[in-house]
Amino acid sequence: MTPTTISADEARRIGLRAQGLLGAPDRRAGVPGVLRRLGAVQLDTISVLARSHELIPYARLGAVGRPAVESAYWGAETTFEYWSHAACILPMSEWPLFAFRRRSYRARGHLWHHQVPEETYRQVLDRLRAEGPLTSTELGGAKRTSEWWDWSDTKIAVEKALAFGDVVCTERRSWKRVYELAEQAVPAELFGDGLSDQECVRQLVAQSGAALGVATRADLMDYHRLKAEQFDAALPESGLVPVEVAGWGAPAWADPAALATEPRGRHRTTLLSPFDSLVWDRPRTERIFGMAHRLEAYTPKHKRVHGYFAMPLLAGGRLVGRVDPAREGRTLVARQISLDAPKYVEPLAQALREAASWVGCDTVRVEALQDERLRPALEKLL
């Protein structure tokens, strides 16, 4: 098949539309619709304005409220947590697609480098069978000592069971995973590992293509962290079609439905979590948007350039700046702001006001502004 040729600008707009950031938001589908569209929402312990998994739907739908997010993600057994791009919340419909990964963990026989007595493993499953869903604390404690990495045997066992698919997490309580037997929580029509490894990967490649719109081999592999040999075997049957994107310098593939629909509509103006699937792949972000973005939360403070949790500013379909936010009571604090050009002051103010509404703040305070000449105009808009 001769690849279709598209411009880099077309590829950028197709990607934005696929990610739900170009065109009218589907508010009727709400947060569950965002999760179905993306296929995976990354979880992380860092909480600045809100936890990252909350920021993902906010960026697409606006201030839908934390209860709407929490009820969509947990408690109704319509989602589950598993290792995808990283630790992610996934639609329950994707449970069969990760059978290949569950089998891989089981064949390895242990979880990362942790070993645990088989008796402890059986005891954990017996407790869950007898008592129903439990947290690791309720199972007997998550840690041996106060050190974050020093897991107890019970915690190792239940996380191993999660990786193997004997246990599933469909709920969190106070940010603690609630573990439940998979046979009791996963719908009967989805339970089981009936799909072959290649079929699992084929469907995940297709899903990644739909979520990205247009993507290179590396982009598609990164979305669910697929191995090269798995990906290469599954790609020909994925339904994605080859395209050439001007300036990308690498072969690409596209979702046929994305190519068939003109990527038009209103661009979202918003701040993005560093863990948002639009920007979580740093090489792709730089290729499409020209922004070399990285999370600096784990960088020593004196070496940070843009701040602890710098959120890219999306406006007009481009990444045009960064904001490092914080919250003090009912005030959203912009600790550090950088903009590519003065013309983006108005969208910056719009994004800051909306971000404040996400978390119930009614004022915005700007601390450090890379170009202080912009302060009067920005503060007037705020």
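# Cavities, a pocket and a buried strand

When the whole structure is searched, two cavities of 30 Å³ or more are found. The model is a predicted one, and this briefing takes up those cavities, then the second largest pocket, and then strand β12 and residue S52. Strand β12, residues 311-315, has five of its five residues buried, while S52 in helix α3 is buried at 0% relative accessibility.

**The largest cavity**

- The largest cavity holds about 50 Å³ of space, and its lining is made up of R12, G15, L16, Q19, L212, S277, L278, R284, I288 and F289.
- Two helices, α1 (8-18) and α14 (282-289), each supply at least two residues of the lining of the largest cavity.
- Sorted by class, the lining of the largest cavity has five nonpolar residues, three polar residues and two charged residues.

**The second largest cavity**

- The volume of the second largest cavity is about 30 Å³, and the residues that line this space are L212, D219, D222, Y223, S277, W280, D281 and R284.
- Helix α11, residues 217-223, provides the largest share of the lining of the second largest cavity, namely three residues.
- The lining of the second largest cavity divides by class into four charged residues, three nonpolar residues and one polar residue.
- L212, S277 and R284 appear in the lining of the largest cavity, and L212, S277 and R284 are also listed for the second largest cavity.

**The second largest pocket**

- The second largest pocket has a volume of about 230 Å³, and among the 14 residues that line this pocket, those closest to its centre are G20, A24, P25, D26 and R37.
- Two or more residues of the lining of the second largest pocket come from each of the elements α2 (30-38) and α3 (52-61), and α2 gives the most, with four residues.
- The lining of the second largest pocket comprises six nonpolar residues, four polar residues and four charged residues.

**Strand β12 and its partners**

- Strand β12 is largely enclosed by the rest of the structure, because five of the five residues in this strand, which covers residues 311-315, are buried.
- In a regular strand, side chains alternate between the two faces of the sheet.
- In β12 both faces are covered, with M311, L313 and A315 buried on one side and P312 and L314 buried on the other.
- Strand β11, residues 270-271, pairs with β12 in the antiparallel sense over two bridges, and in this pairing L271 stands opposite L313 of β12.
- Strand β13, residues 318-328, also pairs with β12 in the antiparallel sense, here over five bridges, and L313 stands opposite G321 in β13.
- L313 therefore belongs to a strand whose five residues are all buried, and this residue faces L271 of β11 as well as G321 of β13.
- The hairpin of β12 and β13 has two residues between the strands, and G316 in this hairpin takes a positive phi near 60°.

**Residue S52 in helix α3**

- S52 has its place in helix α3, and this serine counts as buried because its relative accessibility is 0%, where buried means under 20%.
- Once neighbours within four places in sequence are left aside, the residues in contact with S52 are Q42, I46, S273 and F275.
- Helix α3, in which S52 lies, is also one of the elements that give two or more residues to the lining of the second largest pocket.

Key
Residues numbered from 1 in each chain as written. Predicted model: local features only at pLDDT ≥ 70, side-chain atom pairs only at ≥ 80, totals over all residues. Heavy atoms only, no water. 1 Å grid on protein atoms, 1.4 Å probe; cavity = no way out; pocket = protein on both sides within 12 Å on 5 of 7 lines; lining within 4 Å. Points joined across faces, edges and corners; volume = space filled by probe spheres on them. Nonpolar A, V, L, I, M, F, W, Y, C, P; charged D, E, K, R; others polar. Buried < 20%, exposed > 50% of the residue type's maximum accessible area, 1.4 Å probe, protein only. Pairing = 2+ DSSP bridges. Contact = heavy atoms within 4.5 Å.
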